[in-house]
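Biologist: I am new to this structure and would like a close look at a single part. Please take the largest pocket and walk me through what lines it, then show me what else the strands around it hold.

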Amino acid sequence: RLRVPVLNHSWAFGVSPFVGMGGANFSGVNDWQIPLGITAGYRRAMGNGRGVSAYVSPFYSWARVRANGATDTHGLFRVSVGVDAVVLPSVGVTLGFETGAKAGAGQPGATGGIFGLGVSYALHHARQQ
């Protein structure tokens with residue numbers, strides 16, 4: 001049975017589809033990335049106002065690069081894994097890694113593993129009652 005976390009916040013396991021889009025323009029080179037996939041995750045509360053979650057996200061990544069009037073597109077199957085932790089009631093840390101198929105020479109897209117580290121701050125959080 002598929003469970004979506006948005007429907008019931010008490011479930012520890014969740015699955016959710018996603019799509020994203022990002023782009024950049026550097027020195028006349030226009031680069032677009034569009035990932036489409038699904039995430040499965042597990043979360044666990046750790047005391048009052050703290051918690052940890054782990055996830056795995058297989059996805060298809062479509063890339064398009066336009067430079068000097070020429071356009072090249074390429075798609076890759078990739079996967080991300082990561083851990084999110086709430087270290088203070090308003091502060092979180094995310095650690096992740098992406099791997100999978102690699103773009104060949106001259107093709108747009110990822111050419112290796114990608115490591116990510118992030119810190120988040122919630123301007124407002126729900127108060128415990």
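What follows is a short tour that starts at the pocket and moves out along the strands.

Modeller: First, a caution: this is a predicted model. Now the frame. The chain has 7 strands and 0 helices. Along the sequence the pattern reads β-β-β-β-β-β-β. The chain has 129 residues, and 16% of them count as buried.

Now the pocket. The volume of the largest pocket is about 490 Å³. Its lining is made of 27 residues. Closest to the centre are Y42, R43, R44, V52 and S53. Which strand gives the most to this lining? That is β3, with 7 residues. Several strands supply at least two residues each: β1 (13-19), β3 (29-45), β4, β5 (70-88) and β6. What is the lining like in chemical terms? It divides into 14 nonpolar, 9 polar and 4 charged residues. The space itself is found by a simple idea. Rolling a probe the size of a water molecule over the atoms shows where empty space is left.

Take the lining strands one by one, beginning with β1. P17 sits in strand β1. P17 is exposed, because its relative accessible area is 63% and the cut-off is over 50%. P17 also has a partner far along the chain to compare with. P17 and A40 are 23 residues apart in sequence, yet their C-alpha atoms are 8.9 Å apart in space.

Next come the ends of β3. Before this strand, S27 lies in the loop between β2 (22-26) and β3. S27 is not a glycine, but its phi is positive, at about 50°. That is worth a pause. Most residues other than glycine have a negative phi, and most peptide bonds are trans. S27 is exposed, with a relative accessible area of 83%.

After β3, the loop between β3 and β4 holds N48. N48 is exposed too, with 56% relative accessible area. From N48 to L88 the sequence distance is 40 residues. In space, the C-alpha atoms of N48 and L88 are 9.7 Å apart.

Move on to β4, which covers residues 51-67. V56 is placed in this strand. Is V56 buried, exposed or partly exposed? V56 counts as partly exposed, because its relative accessibility is 34%. We will meet V56 again on the surface.

The loop between β4 and β5 contains N68. Phi of N68 is near 55°, a positive value in a residue other than glycine. N68 counts as exposed, at 83% relative accessibility.

Now β5. G75 has its place in this strand. At 26% relative accessibility, G75 counts as partly exposed. G75 and P35 are 40 residues apart in sequence, with 9.4 Å between their C-alpha atoms.

Strand β5 also brings us to the salt bridge. How many salt bridges does a search of the whole structure find? It finds 1. R78 pairs with E98, and the closest N and O atoms are 2.9 Å apart. R78 lies in strand β5 and E98 in strand β6, so the pair ties together parts that are 20 residues apart in sequence. Both ends are hidden: R78 is buried, and so is E98. The idea behind such a pair is simple. Side chains of opposite charge can pair when their charged atoms come close.

V81 is another residue in strand β5. V81 counts as partly exposed, at 39% relative accessibility. The C-alpha atoms of V81 and G96 are separated by 5.6 Å, although the two residues are 15 apart along the chain.

V81 leads to the last stop, a patch on the surface. Which residues form the nonpolar patch? They are V56, V81, L95, F97, F115 and L117. Together they have about 570 Å² of accessible area. Two elements give two or more residues to the nonpolar patch: β6 (91-100) and β7 (114-121). V56 adds to the patch from β4, and V81 adds to the patch from β5.

Back to the part you asked about. Keep three points in mind. The largest pocket has a volume of about 490 Å³. Strand β3 gives the most to its lining. Strands β5 and β6 each supply at least two residues of that lining, and the salt bridge between R78 and E98 joins those two strands.

Definitions and conventions:
Residues numbered from 1 in each chain as written. Predicted model: local features only at pLDDT ≥ 70, side-chain atom pairs only at ≥ 80, totals over all residues. Heavy atoms only, no water. Patch = residues over 30% accessible without salt bridge, like charges linked within 9 Å, V, L, I, M, F, W, Y side chains within 5 Å. Areas by Shrake-Rupley, 256 points an atom, 1.4 Å probe, with all protein chains shown as cover. Salt bridge = Lys/Arg side-chain N within 4 Å of Asp/Glu carboxyl O. Helix = DSSP H or I, 4+ residues; strand = E, 2+ residues; numbered from the N terminus. Buried < 20%, exposed > 50% of the residue type's maximum accessible area, 1.4 Å probe, protein only. 1 Å grid on protein atoms, 1.4 Å probe; cavity = no way out; pocket = protein on both sides within 12 Å on 5 of 7 lines; lining within 4 Å. Points joined across faces, edges and corners; volume = space filled by probe spheres on them. Nonpolar A, V, L, I, M, F, W, Y, C, P; charged D, E, K, R; others polar.
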